[in-house]
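I opened these entries to record what I looked up about the ligand and the enclosed spaces of this model. My notes follow in the order in which I made them.

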Amino acid sequence: MPSRDSGVNMGRNDEQIAFWNGPAGERWVTAQADLDHMIRPLGLAAIEAAQVRAGERVLDIGCGCGDTTLALALRVAPGGTVTGMDVSEPMIARARARAPDLAFQVADASTATAPEVDVLYSRFGVMFFADPVAAFAHLRRALAPSGRLAFVCWRELAANLWASLPLQAANRVLGPGDPTPPGEPGPFAFADRRKLLGTLESAGFSSIDIRPLDLAVPCCEAGDDETLRAAFARIGPAARRLAEAPPDLRERAIGEIVAEMRTRVGPNGVALPAACWIVTARR
Ligand SMILES: C[S@@+](CC[C@H](N)C(=O)[O-])C[C@H]1O[C@@H](n2cnc3c(N)ncnc32)[C@H](O)[C@@H]1O
């Protein structure tokens, strides 16, 4: 859990804050290099959409281990600033270790006081708010009058094979279940385009553009069982199901995931379809 003197106010996002300060945050820190490799192209697409320029001020919302904060810092140089904000103490600790010269804040972006910025940016860090309209309305107030928003989030689970295949495999052992239902705070909260549009409109944004991005993402670069286990049992809905399963069933479910993923190994490991929204808007 966050320490008493952290910038995180326990409130409506308690469950997610506990989640990202617990085993999920630890899993992301452990797998940081592989996860960054996997989702970097998706984050870069949102940076392109934001048209971030030298001299601008950017807030990286839910910056995690800081990969995009580093990329944004290169874009805003010279003269610009980037602040990375996240509720997860272990992930921010990793970010600070990677980029000691950048500014990071352990804080709940839905309520924290943020510096005025030209760009609100996020790579998969804005889908976890208990009250998304209130959170985005709050974040919007940090934007300069001509400021803009740009982020990447997941579309529906079924189109994201990197997540749905391991979940289906785990469910063959654990029984049916989806710990990350669409519309709930979690990775697929914004799967429904109309709901996402309504959320941003209600929060006061204008010129909202939501367009699909489909890419095969590199999940792992080898095909041995150990690599497959590490790659597919640590993130997404399958990881959440595994974390809640009794140990004997968990091992069987991981075995089923590895067996499924063996069938997907190509010459360069496993790459699987990812389906996202690239979202931009103006203050
Ligand atoms: C899927 S991870 C993505 C991390 C990072 N953006 C990346 O792409 O590597 C989601 C991140 O959002 C953060 N997060 C969730 N709720 C948040 C909130 N209310 N305020 C700030 N960060 C939050 C989590 O701690 C986690 O680091």
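**Ligand and cavities**

I looked first at where the ligand sits: the space it takes is the largest cavity. I note that the model is predicted.

I then listed the surroundings of the ligand. There are 19 residues around it, and Gly 62, Asp 86, Asp 108, Ala 109 and Arg 123 come nearest. I sorted this shell by class and found 11 nonpolar, 5 polar and 3 charged residues.

I next checked the nitrogen atoms of the ligand. A polar backbone atom of Gly 62 is 2.6 Å from a ligand nitrogen. Asp 108 places a polar side-chain atom 2.9 Å from a ligand nitrogen, and for Val 87 I noted a backbone N or O atom at 3.5 Å from one. On its own the ligand has 600 Å² of accessible area, of which the protein covers 98%.

How many cavities of 30 Å³ or more are there? I counted 2. The largest has a volume of about 660 Å³. Its lining comprises 44 residues, with Trp 20, Gly 62, Phe 124, Gly 125 and Phe 128 closest to the centre. Helix H3 gives the most to this lining, with 5 residues. By class, I recorded 25 nonpolar, 9 polar and 10 charged lining residues.

I turned last to the second largest cavity, with a volume of about 60 Å³. Met 38, Trp 162, Ala 163, Pro 166, Cys 219, Ala 231, Phe 232 and Ile 235 line it. Helices H7 (161-174) and H9 (225-232) each give two or more residues to this lining, and H7 gives the most, with 3. I found 8 nonpolar residues there, and no polar or charged ones.

Methods:
Residues are numbered from 1 along each chain as its sequence is written. This is a predicted model: local features need pLDDT of at least 70, side-chain atom pairs count only at pLDDT 80 or more; totals for chains, interfaces and linings use all residues. Side-chain values use heavy atoms; hydrogens and water are left out. A residue is near a molecule or strand if one of its heavy atoms lies within 4 Å of it. A polar contact is a pair of N or O atoms within 3.5 Å; within protein, one must be able to donate a hydrogen and the other to accept it, and residues adjacent in sequence count only if both atoms are side-chain atoms. Accessible areas come from the Shrake-Rupley method with a 1.4 Å probe; for residues, only the protein chains shown count as cover. On a 1 Å grid over the protein atoms alone, a cavity is a set of points where a 1.4 Å probe fits but cannot get out, and a pocket is an open set with protein on both sides within 12 Å along at least five of seven lines; lining residues have an atom within 4 Å of a point. A molecule sits in a cavity or pocket if more than half of its atoms lie within 2 Å of its grid points. Ala, Val, Leu, Ile, Met, Phe, Trp, Tyr, Cys and Pro count as nonpolar, Asp, Glu, Lys and Arg as charged, and the others, Gly among them, as polar. Grid points are joined across faces, edges and corners, and a volume is the space filled by probe spheres set on the points. Helices (H or I, at least four residues) and strands (E, at least two) are DSSP runs, numbered from the N terminus.
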